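Here is a walk through one protein chain, from its nonpolar core out to a few individual side chains. Have the structure open and follow along.

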Amino acid sequence: MFHYCLMCSIGRLKLQWLLGPADFSCIEINFHSNYLNLCCSVYISEAYDPLDPNGNITIKWDIKSWDPDGYLAVVTINNFQQYRHISAPGWSLGWTWAKKEVIWSMVGGQATEQGDCSKFKGNTPHCCKKDPTIVDLLPGTPYNQQIANCCKGGVLNAWAQDPINAVAAFQLSVGRAGTTNKTVKLPKNFTLKAPGPGYTCGPAKIVKPTQFMTGDKRRVTQALMTWNVTCTYSQFLAQKTPTCCVSLSSFYNDTIVPCPTCSCGCQGTMSQSENCVDPDAPHLASIVSNSGKNNLTPLVQCTRHMCPIKVHWHIKLNYKEYWRVKVTVTNFNYRMNYSDWNLVIQHPNFDNLTQLFSFNYKSITPYGTINDTAMLWGIKFYNDFLMQAGPIGNVQSELLFRKDKSTFTFEKGWAFPTRIYFNGDNCVMPPPDAYPWLPNTGSRREASLLATTMVSLVALVFYAFA
């Protein structure tokens, strides 16, 4: 997503995006004489993320044994995305069978619908649908219905944040499928919802069979057949409007730069006005209690930006060899408690981060050795749970940076981040010309010295002719 402003003469305006498909969302229009000041956001519909270029969710399908009319397989879902996780109510995986396959039984997961199994006499399959949808089982499932890495309610953590819990798995017995590598046909049209849209899955591809180590680590077995499916994320597909915005402030300027107006929508539109709550309205508690928690449709506090999440970056203090920043994340969504939230911040001084207070930190280096991107997230059982909108609906921390004399400056917005993500979604930044400016005291002193010199010269001239 790119946020930018342009100035053009009033009349016919034609925009052409040369790098690929995009969606133009104009958020602020101002008229100045014969000119139109147009502030827009461009959302690239491509799934490529420059801060996580190799991030994806890989679905691995391993056939472990043959049955009389099919096979037994273990399906593993690996979240290889550095900072994008799948929160409650969790993932759902779908596909279309290539032939007339059925699922006889499942462990660690279940199909959401059984379908029409009237053709079967005696044993009834677990699912007879041509296009089944599979979901994870909930925590607390009986042990005889579990396998390793199952039963987390569909929640998958980000790879950089918690790699142990970035994996999910389930086992299924497939019938009417063929009993050899040549007769088995790969499923098609894979879909992954997490929990809503956003992921696009490619076709299944046969790969080298997976190898497994036995419990005593003295024997290696391998799958009879393995195929992979790769799914990539697009913020534009997940939600056409942004989900977060950024505001800025500093100790050297009284100006607080707010989130751009209508960053995530405007109060005047029908869709937004129905999901906007005045925090000072009477009976606020009853409105919120009837809205339902963890609903995918936000119920946000009425603000100028209308975003569920706001991230505030404040330059707090300036020392001789260090400088300090305060970061605050505020939840304006009455329907959502964000568990295991994370921030990704891009700033050129992260290679000089000295100390971090009350957040976890991990460096992300998408550009090789350049350390300018950091991932921040809450401490378990302390502030990893971002409460819904209200007095306690925020988390905050402070960052202490060491100054590198060759690069450090407060001028031209260098001390502010260039990009911020919340839970993997790119946040709307203020336009660069609105950043808090550093008072140019040096030029003012020069002007005062020049004025003093001119006055002295004039006085001398008048004195000479007196």
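## Leu-343 and its sheet

Start with Leu-343: setting aside neighbours within four places in sequence, this residue is in contact (heavy atoms within 4.5 Å) with Val-311, Val-327, Val-329, Ala-374, Met-375, Leu-376, Ile-420, Tyr-421 and Phe-422. Before going further, a word on the model: it is predicted, so local features need pLDDT of at least 70 and side-chain atom pairs count only at pLDDT 80 or more, while totals for chains, interfaces and linings use all residues. Residues are numbered from 1 along each chain as its sequence is written, and side-chain values use heavy atoms, with hydrogens and water left out.

The bridge partner of Leu-343 is Leu-376, in strand 27. Strands here are DSSP E runs of at least two residues, numbered from the N terminus; two of them pair if DSSP finds at least two bridges between them. Strand 24 and strand 27 are joined by five bridges, in the antiparallel sense. They belong to an open, antiparallel sheet of five strands with the order 26-27-24-30-31. At its edges are strand 26 (359-364) and strand 31 (425-426), each pairing on one side only.

## Two nonpolar cores

A nonpolar core is a set of buried Ala, Val, Leu, Ile, Met, Phe, Trp, Tyr and Cys residues joined through side-chain atoms within 4.5 Å. Buried means under 20% relative accessible area, with exposed over 50% and partly exposed in between (1.4 Å probe, protein chains only). The largest core has 38 residues, and the members touching the most others are Trp-313, Trp-323, Leu-343 and Phe-422. Among the elements that give it two or more residues are strand 21 (309-318), strand 22 (322-331), strand 24 (342-346) and strand 27 (373-378).

A second, separate core has 37 residues, including Ile-86, Ile-103, Ala-168 and Phe-170.

## Trp-95 and Asn-331

Trp-95 lies in strand 6 (residues 92-96). Is Trp-95 buried or exposed? It counts as buried, because its relative accessibility is 1%. Beyond four places in sequence, Trp-95 touches a mixed set of residues, among them Trp-61, Ile-103, Lys-130, Asp-131, Phe-170 and Asn-189. Asn-189 is 94 residues away in sequence, yet the two C-alpha atoms are 5.2 Å apart.

Asn-331, in strand 22, is buried too, with a relative accessible area of 1%. What does its side chain reach? The side chain of Asn-331 reaches the backbone oxygen of Met-387 at 2.7 Å. Its contacts beyond four places in sequence include Pro-308, Tyr-338, Leu-386, Met-387 and Gly-393.

## Rings

Rings of Phe, Tyr and Trp (its six-membered ring) pair if their centres lie within 6.5 Å; planes under 30 degrees apart count as stacked, over 60 as edge-to-face and the rest as tilted. That rule gives 24 aromatic pairs. One of them is tilted: Tyr-252 with Phe-410, 5.4 Å centre to centre and 50° between the planes. These two residues are 158 apart in sequence, and each sits in a loop. Phe-410 also forms an edge-to-face pair with Phe-408, at 4.9 Å and 75°. Tyr-252 and Phe-410 are buried, and Phe-408 is buried as well. One aromatic cluster takes in these three along with Phe-251, Trp-323, Phe-350, Phe-401 and Trp-414.

Elsewhere, the charged end of Lys-64 sits over the ring of Phe-212, 4.5 Å from its centre. (The rule: NZ of Lys or CZ of Arg within 6 Å of the ring centre and within 35 degrees of the ring normal.)

Notes:
Helix = DSSP H or I, 4+ residues; strand = E, 2+ residues; numbered from the N terminus. Polar contact = N/O pair within 3.5 Å; in protein donor to acceptor, adjacent residues only side chain to side chain.
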